[in-house]
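Q: Please take a close look at the charged side-chain pairs in this model, and at the part of the fold that they join. I would like one connected account that starts from the pairs and then works inward.

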Amino acid sequence: DSFNMWPAISYGRKSPRNEIILNLDQDTFWNTWSAAIRVGKYKFIWGQSYLLKQKLEQENSNQQLYNIKKDPSEENNLLAIGPRRIIVAPMRARLMDLFKTQMAEADYPTQRNAGADPALFGSILSSGWCDNKV
């Protein structure tokens, strides 16, 4: 995406990014999908919360919103308290636009790497959960 992140990483300057797309996935055969986006302090998860190969069709309309600054372990879904349309509507619109224009075919890991479980690292995602693609 051609953003120069070096000043933000090395000197603590403001990031040039407005958003981070964390996930964008769809299985048209099983009619399952999943998307996640981070904008500012919020992370929005829409659809299935696990890899699509698990086929959780009942989660297609699932929505979760977290304030990552206050809740980095994602334990308090703000949408369980009440609607947050002002926050969620632009994120949903952005994800729908990306589904139409940027979708890539899914590439699932063949086996789970238990050593990369975030529970082992204080709920922080570690590397090692997928193979390098060269």
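A: **Salt bridges and the strands and helix behind them**

Asp97 has a relative accessibility of 36% and therefore counts as partly exposed, since that class lies between the buried limit of under 20% and the exposed limit of over 50%. The model is a predicted one, and everything that follows should be read as a description of that prediction.

Asp97 meets Arg94 in a salt bridge, with an N to O distance of 3.5 Å. Because these two residues are three apart in helix 3, about one helical turn separates them. Arg94 is itself partly exposed, at 30% relative accessibility, and Arg94 also takes part in a salt bridge with Glu19, where the closest N and O atoms are 2.8 Å apart. Glu19 sits in the loop between helix 1 and strand 1 (20-27) while Arg94 belongs to helix 3, so this pair ties together parts of the chain that are 75 residues apart in sequence. Glu19, with a relative accessibility of 25%, is likewise placed in the partly exposed class. Taken together, Glu19, Arg94 and Asp97 are linked in a network of salt bridges.

A search of the whole structure gives three salt bridges, and one of them lies between Glu74 and Lys43, whose closest N and O atoms are 2.7 Å apart. This pair also links distant parts of the chain, since Glu74 is in the loop between strand 4 and helix 2 (78-81) and Lys43 is in strand 3, 31 residues apart. The two partners fall into separate accessibility classes: Glu74 is partly exposed at 26%, whereas Lys43 counts as buried at 16%.

The burial of Lys43 at 16% leads to the strand that carries this residue. Six of the six residues of strand 3 (residues 42-47) are buried, so the strand is largely enclosed by the rest of the structure. Strand 3 has paired strands to describe as well. With strand 2 (residues 32-39), strand 3 pairs in the antiparallel sense over six bridges, and within that pairing Trp46 of strand 3 is the bridge partner of Ala35. These two strands form a hairpin with two residues between them, and Gly40 in the turn has a positive phi of about 60°. With strand 4 (residues 63-67), strand 3 again pairs in the antiparallel sense, here over five bridges, and Phe44 has Leu65 of strand 4 as its bridge partner.

Some of these residues reappear in the interior. The largest nonpolar core has 14 residues, and those with the most contacts inside it are Leu24, Ala35, Phe44, Leu65, Met91 and Leu95. Strand 2, strand 3 and helix 3 (85-101) are the elements that give two or more residues to this core, and helix 3 gives the most, with five residues. Helix 3 thus has a part in both settings, because helix 3 holds the Arg94 and Asp97 pair and also contributes to the core. Once neighbours within four places in sequence are left aside, Met91 is in contact with Ile37, Val39, Tyr42, Phe44 and Leu65. The general background is that nonpolar side chains tend to be buried together in soluble globular proteins.

A nonpolar group is also found at the surface, where Trp6, Ile9 and Tyr11 form a patch with about 430 Å² of accessible area together. Trp6 lies in helix 1 (residues 6-11), and a relative accessible area of 54% places Trp6 among the exposed residues.

For the wider setting, the protein chain has three helices and four strands, which follow the pattern α-β-β-β-β-α-α along the sequence. Of its 134 residues, 28% count as buried. Among the contacts with a separation of 6 or more, 37% are between residues 24 or more positions apart. The accessible surface of the protein chain comes to about 9,800 Å², and 52% of this belongs to carbon and sulfur atoms.

How values were computed: Residues are numbered from 1 along each chain as its sequence is written. This is a predicted model: local features need pLDDT of at least 70, side-chain atom pairs count only at pLDDT 80 or more; totals for chains, interfaces and linings use all residues. Side-chain values use heavy atoms; hydrogens and water are left out. Buried means under 20% relative accessible area, exposed over 50%, partly exposed in between (1.4 Å probe, protein chains only). Two strands pair if DSSP finds at least two bridges between them. Patches are made of residues with over 30% relative accessible area and no salt bridge: like charges are joined within 9 Å, nonpolar side chains (Val, Leu, Ile, Met, Phe, Trp, Tyr) within 5 Å. Accessible areas come from the Shrake-Rupley method with a 1.4 Å probe; for residues, only the protein chains shown count as cover. A salt bridge is a side-chain nitrogen of Lys or Arg within 4 Å of a carboxyl oxygen of Asp or Glu. A nonpolar core is a set of buried Ala, Val, Leu, Ile, Met, Phe, Trp, Tyr and Cys residues joined through side-chain atoms within 4.5 Å. Contact means heavy atoms within 4.5 Å.
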